[in-house]
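Biologist: Could you take me through the pockets in this one, slowly? I'd like to hear what lines them and where they sit.

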Amino acid sequence: RATATMGEATEPSPQAPLAVLSKVELRVSCKHLLDRDTLNKSDPCVLLLMQSQGQWMEVDRSEVIKSNLNPVFAKIFTVDYYFEEVQKLRFEVYDSHGHAGVGTHDDDFLGGMECTVGQIVAQKRVTKPLFLKYGKFAGKSTITVISEEISGNNGYVELAFRAKKLDDKDLFSKSDPFLEIYRIDDDRSEQLVYRTEVVKNNLSPIWEPFKVSLNSLCSCEEKRKLRCVVWDYDSRGKHDFIGEFFTTFEEMQKAMGENKVQWDCMNPKYKIKKRNYKNSGVVVLLDLKIHRVYSFLDYIMGGCQIHFTVAIDFTASNGDPRNSCSLHYINPYQPNEYLKALVAVGEICQDYDSDKKFSALGFGARIPPKYEVSHDFAINFNPDNDECEGIQGVVESYQSCLPKIQLYGPTNVAPIISKVARVAADEERTKEASQYFILLILTDGVVTDMADTREAIVRASYLPMSIIIVGVGNADFTDMQILDGDDGILRSPKGEPVLRDIVQFVPFREFKNASPTALAKCVLAEVPKQVVEYYSYKAFPPRCPQPETPDSNLSSPQ
């Protein structure tokens with residue numbers, strides 16, 4: 001989507017800020033691990049490392065599985081997946097020694113494997129040999145990594161299980177039960193979803209409540225079969241089978257509210273052998289809570305439009321536009337800073353707006369016919385319709401309005417924030433996630449009406465809108481940082497805090513020598529989160545996906 005503007009061929013914008021496609025869940029298992037222990041088998045644990053600026057950094061580690069050379073780890077590693085980056089991963093397997101934790105001594109190292117996030121995502125399942133130092137094979141050891149994208153319309157579920165009257169498998173004490181839940185996939189393979197903690201010496205255990213993503217539990221399909229198994233824990237890794245039952249997420253949902261659901265925990269061998277066999281205990285689902293989580297992309301694909309408004313500072317401090325030192329000087333060979341910032345940010349926003357029409361406003365100038373100062377005029381001089389056709393339309397309106405106006409002052413931005421807020425307030429009343437507003441303010445100085453601006457931002461934080469302020473030129477913008485709530489919470493003059501941080505402030509000079517995409521990436525990075533925060537606060541779900549979705553090359557952070 002390269003758009004040539006003002007004689008400058010800008011590079012194609014690679015969707016900078018919306019690059020993180022999704023989060024990916026990785027599950028790990030190993031086979032035929034080396035046996036480092038003399039008396040019993042290795043106690044493996046997996047470390048996940050990620051390469052950052054040439055250095056390997058530990059991201060996370062799995063639990064330790066006692067005495068097992070073919071471990072299936074319950075730990076789910078979650079990584080951000082960036083489509084346009086090569087993300088190198090390294091999995092290292094160690095034999096753990098109790099309280100000393102995971103050693104990194106060579107004699108505890110059971111092998112490592114390197115690959116990229118992209119490879120795992122593309123293949124869904126990667127099995128590779130484990131290597132020791134210096135490229136030596138670790139015997140027949142292999143590691144398997146399975147990836148699942150956490151789809152946006154996902155959310156998670158909180159489950160609380162207990163059991164009653166389980167079979168006693170121990171001679172001198174009671175069983176030490178734990179529960180495993182497996183999802184049965186389309187190819188009949190089983191995927192471990194969760195393993196509870198062990199409750200010692202108890203035939204009626206109450207396990208700790210736990211959370212799993214709906215994707216993980218049932219691939220977001222309520223009728224998918226689940227197999228639940230109860231084991232009696234054995235420290236040597238030879239756990240005794242107590243019993244199992246099959247269910248679905250659909251059936252589990254009967255446990256919402258005051259209801260409980262229970263299943264007979266069955267041992268198929270006993271069922272065949274024993275005539276009066278009823279069960280090996282019962283498992284009860286005490287409680288189930290569903291938490292829906294939506295992503296930016298869910299809202300976009302549900303038809304939410306991003307409406308983009310640009311507001312340009314026409315105060316006298318910019319300098320006479322006819323003078324080449326002016327920030328508004330129109331150079332036929334090189335766009336000025338106002339145009340560069342406008343094009344960089346607008347190019348990405350226009351992908352999310354189906355009519356590609358942008359509102360373009362000016363402030364701080366005397367305008368025809370009476371040459372009175374205005375702080376919210378349409379730069380196309382059409383008071384009934386301030387919209388321009390695409391970014392190019394805004395650029396043309398900007399260039400043609402400059403000779404017609406007198407640069408003046410002061411730098412008041414509250415009127416424009418309030419103007420966009422009025423439109424956003426009308427949208428809010430629809431109680432639908434159908435339009436979100438981004439206001440880009442381009443200014444060369446610190447705002448004069450700081451108190452009114454703070455008040456207007458606090459009001460706007462309750463509405464479907466975000467504000468991006470780009471400081472153009474070399475002024476001291478220290479006071480503007482106050483509006484960007486990153487350092488602390490922005491408050492109105494009366495002390496009322498913003499509901500959510502909706503302002504991003506960036507001085508253009510920090511990006512002067514960078515590509516246009518770097519500026520866009522910086523100022524738009526927060527927008528997806530702000531959209532999700534707003535609609536989550538309002539509890540507006542995405543609308544149903546429309547048959548037409550926005551450009552297919554869009555991607556989004558969760």
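Modeller: Here's a walk through two pockets, starting with the largest. Keep in mind that this is a predicted model. The largest pocket comes out at about 730 Å³, and 30 residues line it. If you want to centre your view, go to Arg125, Ile146, Asp185, Glu190 and Gln191, which are the lining residues nearest its centre. Several strands chip in with two or more residues each: β3 (20-31), β6 (72-82), β10 (137-149), β12 (177-184) and β13 (190-195). As for chemistry, the lining splits into 12 charged, 11 nonpolar and 7 polar residues. Both domains take part too, with at least three lining residues drawn from each of domain 1 (20-148) and domain 2 (154-289).

Now for the second largest pocket, which holds about 540 Å³ of space. Its lining has 20 residues, and those nearest the centre are Ile65, Phe178, Glu180, Arg195 and His239. The elements giving two or more residues here are β6 and β12, and β12 supplies the largest share, 3 residues. By class you get 10 nonpolar residues, along with 5 polar and 5 charged ones. And where does the second largest pocket lie relative to domain 1 (20-148) and domain 2 (154-289)? It lies between them, because both domains give residues to its lining. So if you're flipping from one pocket to the other, β6 and β12 are handy landmarks: they are among the elements listed for the largest pocket and they turn up again for the second largest.

Notes: Residues numbered from 1 in each chain as written. Predicted model: local features only at pLDDT ≥ 70, side-chain atom pairs only at ≥ 80, totals over all residues. Heavy atoms only, no water. 1 Å grid on protein atoms, 1.4 Å probe; cavity = no way out; pocket = protein on both sides within 12 Å on 5 of 7 lines; lining within 4 Å. Points joined across faces, edges and corners; volume = space filled by probe spheres on them. Helix = DSSP H or I, 4+ residues; strand = E, 2+ residues; numbered from the N terminus. Nonpolar A, V, L, I, M, F, W, Y, C, P; charged D, E, K, R; others polar. Domains from an automatic or database assignment.
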